[in-house]
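Hi,

Here is the structure we talked about. Please have a look, then read my notes below.

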Amino acid sequence: MKILFDRPTVLTLDKDERVLDDAYVGVSDGRILFVSDEKPDEFTPDRIIPGHNRLLMPGLVNLHHHLPMSVLRNYADGHDLQDWLFNYIFPVEERLDARCVEYAALLGIAECLSMGTTSVTDMYYFIDSIAAAVYSSGIKANLSRGVQGGDGFEKGYNELVESIVNHHKPGGLLRVDAGLHGEYTSSPPVWEAVAGISKKFGVPVHVHVSETAREHDECVKKYGKTPTRLFSDAGLLNNAICAHCVHVTDGDMELLNAARATVAHNPASNLKLASGFARVAQMRGMGINVGIGTDGVSSNNAADMFEAMKLTSIIQKALTGNPMAISAAEALRMATQYGAIAQGRGDECGMIAEGYDADMILLDLDKPHMRPLHDLHSLAVYSAKPGDVVLTMVRGRVLYENGVFTTIDIEKVKAEIDGYVSKKLFI
Ligand SMILES: [Zn+2]
């Protein structure tokens, strides 16, 4: 399938950070064939997408999510992390089944696509169910089975191994990372086991790190070391995706940087659960790779990457007293290229450039809050809303357009989820 975007404004986020007016962007076999001021004569598209009053930009990479938690949206708000997790979330999650998780994942994926996310890094369980939702929807995903300690360890460990063997495909739409839920839900033998899997299969670890002060401080009290130090000692940190890192120390940041780990920053979740403020500007100043995520929608409560980009930028300005901290362009790179790097997809997506996958979104510029067009980086981060997304394409396939999902039966998904809710999934 050959598609031509006919003269949109283009925010490439490529190495030269090109911004183009009235450009031609050609897509062939899932890849970007050309980005040009001139329409190549030899290109005969199967479809032409008009670009007038439209902004074409790379699809967003949500670097920390729990897709099936869409079924828990707006349930049990107003608690701190420990109370929320152990007294509300974990008990309901014990009642989930594979079918519910598949439909909840589809609801989460539909939300992502409608809000401009083309690739998502996720942690949950029932990986076969989430993988089925990924395959049928056509979104890109890095899934991970978050292993915990205690009674569930063996089951979780086996499922982690099976998920990698069955679904991990370098270069594919679906990749699988090694998952560890967190320090406070596991123990040293679990870390050793997950580190072993990471090494054996050559996949990074996706793990929650120092999300709350309580979690961080209790770890130091128990082990005499921070979670980051412990994970570093256990060999878990190399190229890891470390979600949150709100309470990491300066020494922890050195370790993260040396291990080429990526911090997945989730500003909305951190604000809502009163977890605190990650020192993202300082991390970036040190050279640490930082991507942006939403976290699951039960702690957000929407997988809105536009909001996450804006919060990332403006929180760091307030936190550092420096209005130059985390510019709009930097927030965009975090939500695209830097996330793609952490997913092992740095050469594959995150920018609009020849040879890259055609993972792109089209935004409606014909709205009062999208005018004038002084600075398109600022527009995309500070002004744009998810509702401005009119088209989402992954690997050259249009998966969402003008409110319509081309691969997901959204009415069936909503009916299934409503059915589970009314079947007393919740207490
Ligand atoms: Zn999380």
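Where do Lys 412 and Glu 416 lie, and how many residues apart? Both are in helix α14, 4 residues apart, or about one turn of the helix. Keep in mind that this is a predicted model.

The two form a salt bridge, with the closest N and O atoms 3.4 Å apart. Lys 412 is partly exposed, at a relative accessible area of 38%. Glu 416 has 16% and counts as buried, because the cut-off is under 20%.

Now α14 itself. The helix runs over residues 410-422. Its 13 residues should span 18 Å at 1.5 Å a residue, and the end C-alpha atoms are indeed 18 Å apart. Its buried residues are Ile 410, Val 413, Glu 416, Ile 417 and Tyr 420. They cover an arc of only 125° around the axis, so they sit on the same side of α14. Their cover includes α2 (98-114) and β19 (404-405). Glu 411, Asp 418 and Ser 422 are exposed, on the face turned away from the buried side.

On to salt bridges elsewhere. The whole structure has 25. One of them joins Glu 17 and Arg 333, at 2.5 Å from N to O. This pair links distant parts of the chain, 316 residues apart: Glu 17 is in the loop between β2 and β3, Arg 333 in helix α12. Glu 17 is partly exposed at 25% relative accessibility, whereas Arg 333 is buried at 18%.

Arg 345 and Glu 348 also pair, at 3.0 Å. Both are buried. They belong to a salt-bridge network with Arg 31, Lys 140, Asp 357, Asp 359 and Arg 395.

Best wishes

Conventions
Residues numbered from 1 in each chain as written. Predicted model: local features only at pLDDT ≥ 70, side-chain atom pairs only at ≥ 80, totals over all residues. Heavy atoms only, no water. Helix = DSSP H or I, 4+ residues; strand = E, 2+ residues; numbered from the N terminus. Expected span 1.5 Å × (residues − 1). Buried < 20%, exposed > 50% of the residue type's maximum accessible area, 1.4 Å probe, protein only. Arc of directions from axis to C-beta. Contact = heavy atoms within 4.5 Å. Salt bridge = Lys/Arg side-chain N within 4 Å of Asp/Glu carboxyl O.
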